[in-house]
Amino acid sequence: MQKLIINGGRRLRGELSLQGSKNSALPIMAASLLCRGECTLHNCPKLTDVYSAARILNCVGCRCNFSGNTAVIDSSVISETVISESLMREMRSSIIFMGAMLGSTGECSVSVPGGCELGPRPIDMHLAALRKMGVDIRDGGGRIVCRTQSGSARGARISLSFPSVGATENIILCAVTAEGETVINNAAREPEICDLCGFLRACGADISGDGESRIVVKGKKRLHGCEYRIMPDRIAGATYLSMTAATRGEIILTNACVAEMEPFLSVLEQTGCSIYTRDDRIYLRSGSRLKAVRDRIRTMPHPGFPTDAQAVLMAALITAEGTSVFEENIFNCRYRHTDALVKMGADIQVLGKAAIIKGVPSLSGAAVEATDLRGGAAMAAAALSAEGMSEISRISHIDRGYEKIEEAVRKLGGDIVRI
Ligand code: EPZ
């Protein structure tokens, strides 16, 4: 089991090019199943979740080759519609292959995604929507067997009770080759949904309204391959900015997605950091101790404050002057990283959905264990600002979403090694 060894106390300084988005690459890789041709994806991040998605593509008959940050996927032949439980369990978001397989072949057999890291990961909204699109779904014993009567789903009007990102993606993936028109009300508005739709339009799909709450998809018989550039990872961007703020350093983040990061940036600048943006570059300087964020930081669906940035911003605020309060409204169990931060000397009180962060003057290095992807990144951020050495184990969580995190931090002058 690999670990990160971090000697904290150094101000991060330098320039960093932002990686491609994990949460955009995964649905776009699934969507390539719809093309029956070759898709070339640029700015594809080198992540374990991306390689898990490649294994799923291979298992159904696609060829998937990587060269640097370019992935070439050939989905001319789909020879299998059953995805094994072990493959499905490699990552939570494997469930989006359900919609893609249905859109591509009209049938699939998958497993329910695992839960526990952030709480249960129900898919009731996914299944209810697909049933409304005429998909016959038998689910029991952890397996889900889906079949369409005539080989493709039919368009439907779907209203989501919550703007679920995954459910929105699954509906779109099934609807692009369905018979007729599908309307999704209360759709997720995350930038990654827009990126998925941009990719599908490049493949010939007829989709409008993405980025808003009402998305309309007009079914097409077949899509073709394309060449596409995946958007930058706004959460990785929030992570490196939080690490820099935590260490009172300064950074120029390039190849960033400024508009999509606005909900995070607008909160970060309340800590007293100086933030300037131009084109795809973000400049941040935080020369002194951060100030606590006065207003409650509520995680909400986009364009609200992103739940995925909650842990890393918390890591920057634990040494701020004053008290900050988070309210986690998206997942039931997304404070598992707080114990490790308290072990480093943070003063955090979790009360249901709220986490109260009383700023302490300094932290001390400690040996901690990553609990999940963003929680692990938060521990690295806290370790970088702590005095002394920290050891973070179970970093396979972090590798799911950050491309060579130790190289990125070292590029900014951080003292970090992977052993
Ligand atoms: C996506 O997860 C992201 N993952 C998550 O990022 C992100 O935190 C989340 O959206 C919210 O923005 C990927 O894109 C791969 P949801 P997803 O469906 O699709 C409940 C990261 O760190 N729900 O919007 O699973 C669900 O339990 C990851 O990169 C149902 O109840 O999120 C959760 O409480 C973590 N029934 C809430 O909705 C359903 O059928 C939001 O889930 C579906 C969801």
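Helices and strands here are DSSP runs, numbered from the N terminus. With that in hand, a good place to start is Thr 247, which sits in the loop between helix 8 (234-246) and strand 14 (250-254). The model is a predicted one, and what follows is a walk through some of its residues, its two domains and its salt bridges.

Thr 247 counts as buried because its relative accessibility is 7%, and the cut-off for buried is under 20%. Setting aside neighbours within four places in sequence, Thr 247 is in contact with Arg 10, Arg 11, Leu 12, Leu 384 and Ser 385. Ala 354 is another matter: 107 residues separate it from Thr 247 in sequence, and the C-alpha atoms of the two are 25 Å apart in space.

One of the partners of Thr 247, Arg 10, can be followed further. Arg 10 is found in the loop between strand 1 (4-7) and strand 2 (13-17). At 45% relative accessibility, Arg 10 is partly exposed. Apart from residues up to four places away in sequence, Arg 10 touches Thr 247, Leu 384, Gly 413, Gly 414 and Asp 415. In the case of Gly 413, the side chain of Arg 10 reaches the backbone oxygen at 3.2 Å. There is also Glu 387, which is 377 residues from Arg 10 along the chain, yet the two C-alpha atoms are separated by 9.1 Å.

Now for the overall layout. The domain assignment splits the protein into domain 1, made of 4-18 and 232-418, and domain 2, which covers 22-229. Taken over C-alpha atoms, the centres of domain 1 and domain 2 are 30 Å apart. On the contact count, 26 residues of domain 1 meet 22 residues of domain 2. Together the two domains bury about 2000 Å² between them, with carbon and sulfur atoms giving 49% of that area. On the domain 1 side, three residues stand out: His 302, Arg 400 and Glu 403 supply 32% of the area that domain 1 buries against domain 2, more than any other three residues.

What kinds of polar links cross between domain 1 and domain 2? Eleven residue pairs are in polar contact across this interface, and three salt bridges are found there as well. As for which elements take part, helix 12 (373-385) and helix 13 (396-399) each supply at least two residues to the side of domain 1 that touches domain 2. Helix 13 gives the most, with three residues. Sorted by class, that side of domain 1 has twelve charged, eight nonpolar and six polar residues.

Arg 400 comes up again among the salt bridges, pairing with Glu 117 at 3.4 Å between the closest N and O atoms. Glu 117 lies in the loop between strand 6 (107-111) and helix 5 (124-132), while Arg 400 lies in the loop between helix 13 and helix 14 (405-411), so the pair ties together parts that are 283 residues apart in sequence. Are these two residues buried or exposed? Both Glu 117 and Arg 400 are buried. The pair also belongs to a network of salt bridges that links Asp 49, Arg 92, Glu 117 and Arg 400.

The structure holds 23 salt bridges. One of them joins the side chains of Glu 406 and Arg 418, at 2.9 Å from N to O. This pair links distant parts of the chain, with Glu 406 in helix 14 and Arg 418 in strand 23 (residues 415-418), twelve residues apart. Glu 406 is buried, at 9% relative accessibility, whereas Arg 418 is partly exposed, with a relative accessible area of 25%. Another salt bridge is formed by Glu 85 and Arg 89, whose closest N and O atoms are 3.0 Å apart. Glu 85 is partly exposed at 41% relative accessibility, and Arg 89 is partly exposed at 41% too.

A last stop is Ser 75, in the loop between strand 5 (70-74) and helix 3 (85-88). How much of Ser 75 is accessible? Its relative accessible area is 0%, so Ser 75 counts as buried. Beyond its neighbours within four places in sequence, Ser 75 is in contact with Ser 32, Leu 33, Cys 35, Arg 36, Gly 37 and Cys 62.

Note on methods. Residues are numbered from 1 along each chain as its sequence is written. This is a predicted model: local features need pLDDT of at least 70, side-chain atom pairs count only at pLDDT 80 or more; totals for chains, interfaces and linings use all residues. Side-chain values use heavy atoms; hydrogens and water are left out. Domain bounds come from an automatic or database domain assignment. Contact means heavy atoms within 4.5 Å. Buried area is the accessible area (1.4 Å probe) that two parts lose on being put together, summed over both. A salt bridge is a side-chain nitrogen of Lys or Arg within 4 Å of a carboxyl oxygen of Asp or Glu. A polar contact is a pair of N or O atoms within 3.5 Å; within protein, one must be able to donate a hydrogen and the other to accept it, and residues adjacent in sequence count only if both atoms are side-chain atoms. Helices (H or I, at least four residues) and strands (E, at least two) are DSSP runs, numbered from the N terminus. Ala, Val, Leu, Ile, Met, Phe, Trp, Tyr, Cys and Pro count as nonpolar, Asp, Glu, Lys and Arg as charged, and the others, Gly among them, as polar. Buried means under 20% relative accessible area, exposed over 50%, partly exposed in between (1.4 Å probe, protein chains only).
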